[in-house]
Amino acid sequence: MVAPLSTDGSRASDSHTPLGLSPLPAFSSLTDRPIRCHIPPLLGASVEELTQWVQAQQQPAYRGKQLHQWIYQQGVRSLSDISVFPKSWRESLAEVPVGRSNLHYRTQAPDGTVKYLLRLADGQIVETVGIPSFEANSKADWGAALPVARAATGQLAESDAPAVDIQRLTVCVSSQVGCPMACDFCATGKGGFQRNLQRHEIVDQVLTVQEDFGRRVSNIVFMGMGEPLLNIDNVLGSVRSLNQDIGIGQRGITISTVGIPGHIQRLAEHRLQVTLAVSLHASNQALRQQLIPSARQYPLSDLLQECRDYVQITGRRVTFEYILLSGLNDSPEQAEELANQLRGFQSHVNLIPYNPISEVDYQRPDPRRVQSFVKTLQKRKIAVSVRYSRGLEADAACGQLRASQISQNPVPLMRDC
Ligand code: SAH
C-alpha cells in the first residue's frame with residue numbers, strides 16, 4: 001500500500017476537484033487561448049480521480065474505470081477515440097488533453113537500448129531511454145538483441161527474430177527539462193535548466209517505451225535529465241501512478257539524487273519501497289564539491305547522515321553511485337577512503353565508468369583500474385557492482401543525445417501556457 005502522495009501540485013491552486021479539473025461546460029466561456037492551457041492533462045490521475053471527474057460531467061461512475069483503462073492500457077491519445085463512450089459526450093471531450101508527448105527522435109544501439117527524444121506540449125524536448133535485459137543463459141548476446149527489439153517496435157516481423165526473451169525492461173526517465181545542478185561531468189548539467197516536468201510528462205515517458213517495445217516495463221530509474229528531489233511532488237505523483245495505474249512494483253523503481261539538504265528526509269517520510277540512489281562520486285568533501293557545485297552547501301557528512309536516517313526510517317538500503325574518472329577519484333587510497341565513509345552502512349556501491357562527453361576532458365579509467373577499485377571495496381566488505389552505461393554508441397551519457405540533436409535541429413518552443 002502506498003502512502004498518500006500529493007498529485008501534480010503545479011495546478012492545484014485553481015482546483016475544483018482533486019485533480020484540479022474544471023467542469024467541461026466551462027469550455028464555451030473560455031477565451032481564444034488553447035483549451036489545453038486550462039485543463040490539466042488526465043494522465044497520471046488515479047481511477048478514483050477519474051471517476052470523480054466523469055461524475056462531474058454528469059456521467060455514471062463506471063465510466064471512470066473505462067477512462068482509466070483506455071488511458072493506461074489502450075494508450076489512447078484523444079478522448080474522442082474512446083469508442084465505448086457515447087458519441088455526443090466523446091465529441092465534447094476532444095479538447096481535453098490526455099497528456100501524451102510526440103516522438104521527436106528515436107535511435108537504437110546494437111545492444112538493444114533505445115533512446116527517445118520526446119516533444120512536450122510546449123515544445124520542450126526530454127530524453128528517455130528504454131533498456132532491455134535478456135535471459136542470462138539463452139543464446140542472447142547484445143548483438144542478437146537488436147532484431148528482438150526491432151521486432152518489438154514493429155520494424156521486423158516477429159517470426160524473423162531469434163528466440164531470445166527480454167527479461168526486464170527498464171526505463172530511464174527524466175524528471176526535469178535540463179538540470180540546475182551543473183555537475184561537471186554531466187551533459188545535462190552543461191545545458192542549464194528549463195523547467196520541472198509535470199506528473200503526466202513523467203508517466204508518459206514510461207507508457208511511450210512500453211508501447212514502443214510492445215511489452216511491460218518492469219523497472220524505472222529516475223536517472224535521466226534533472227534532479228528528481230527538486231521536483232519531488234511531481235516525482236512522487238508519478239511514482240504513485242506508475243505503481244498503481246501502470247502496475248510497476250515500487251521495489252522496481254529507483255530515485256537517483258545528487259542530494260538536496262532535507263529532501264532525502266522528506267522522501268523517507270513517505271515510507272515508500274522505492275530504492276534511493278545517491279550520486280556520491282567522491283570519497284571526500286573537497287573532491288566532491290569540485291565535481292558537484294551544489295555540494296558546497298551540503299557537506300558530505302550531512303549527506304551521509306541523512307542517508308543513514310533514510311535507512312533507519314524506511315528499512316531500505318541505499319545505493320551509492322560513483323562515477324570513476326581516471327586519475328581523479330579512482331585510486332586505491334580513494335577506494336579505502338570510500339570504504340571508511342560507508343563502514344557499517346546498509347548500502348550498495350554502483351561504480352560507473354565515466355561516459356565521455358564533449359564539453360570536458362575527463363577520462364574513463366582502464367578496466368584494470370576499475371577492477372582494483374572493486375577489489376579494494378570488496379576486501380572491506382562493501383557490496384559493490386560495476387555498471388557500464390548501455391547504448392554507448394547512441395550518446396549514452398545523461399543528456400548527451402538531446403544536446404547533440406538540438407544543436408543540429410533547434411526545436412521551436414510554443415507559447416507558454
Ligand atoms: N540528478 C540525479 C539524477 C540524474 S543523473 C543524480 O545526480 O543522481 C543520473 C546518474 O547519471 C548520476 O549518477 C550521474 O552522476 C550519472 N551521470 C551523469 N553524467 C554521466 C557521465 N558522463 N558518465 C557516467 N555517468 C554519468
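This passage describes the confidence of a predicted model, one of its helices and the packing of a helix pair.

The chain has a mean pLDDT of 84, with 78% of its residues at 70 or more. Two stretches call for some care. Over residues 1-37 the pLDDT stays under 50, and the model has 62 contacts beyond four places in sequence for them. Residues 137-162 also have a pLDDT below 50, with 47 contacts in the model beyond near neighbours in sequence.

Helix α10 offers a friendly starting point for a check of geometry. This helix covers residues 300-314, and its 15 residues should span 21 Å at 1.5 Å a residue; the end C-alpha atoms are 21 Å apart, so the two values agree. Within α10, the residues L303, E306, C307 and Y310 are buried. These buried residues line one face of the helix, because they fall within an arc of 100° when seen down its axis. Such a pattern fits a general rule: an α-helix has 3.6 residues a turn, so residues three or four places apart point the same way. The buried residues are covered by elements including α8 (263-269), β9 (275-279) and β10 (318-324). S301 and Q312, on the other side of α10, are exposed. After the helix comes G315, with a positive phi near 70°.

Turning to the helix pair, α11 (residues 332-341) and α12 (residues 367-379) have axes that come within 9 Å and cross at roughly 35°. Their crossing is right-handed. On the α11 side, P332, A335, E336, L338 and A339 take part, and they meet S372, F373, T376 and L377 of α12.

How values were computed:
Residues numbered from 1 in each chain as written. Predicted model: local features only at pLDDT ≥ 70, side-chain atom pairs only at ≥ 80, totals over all residues. pLDDT = per-residue confidence, 0-100. Contact = placed C-beta atoms within 7 Å. Helix = DSSP H or I, 4+ residues; strand = E, 2+ residues; numbered from the N terminus. Expected span 1.5 Å × (residues − 1). Buried ≥ 20, exposed ≤ 12 C-beta atoms within 10 Å, placed from the backbone. Arc of directions from axis to C-beta. Axes fitted to C-alpha atoms, helices over the stretch in contact; angles between N-to-C directions. Left-handed = near helix turned anticlockwise from the far one by under 90°.
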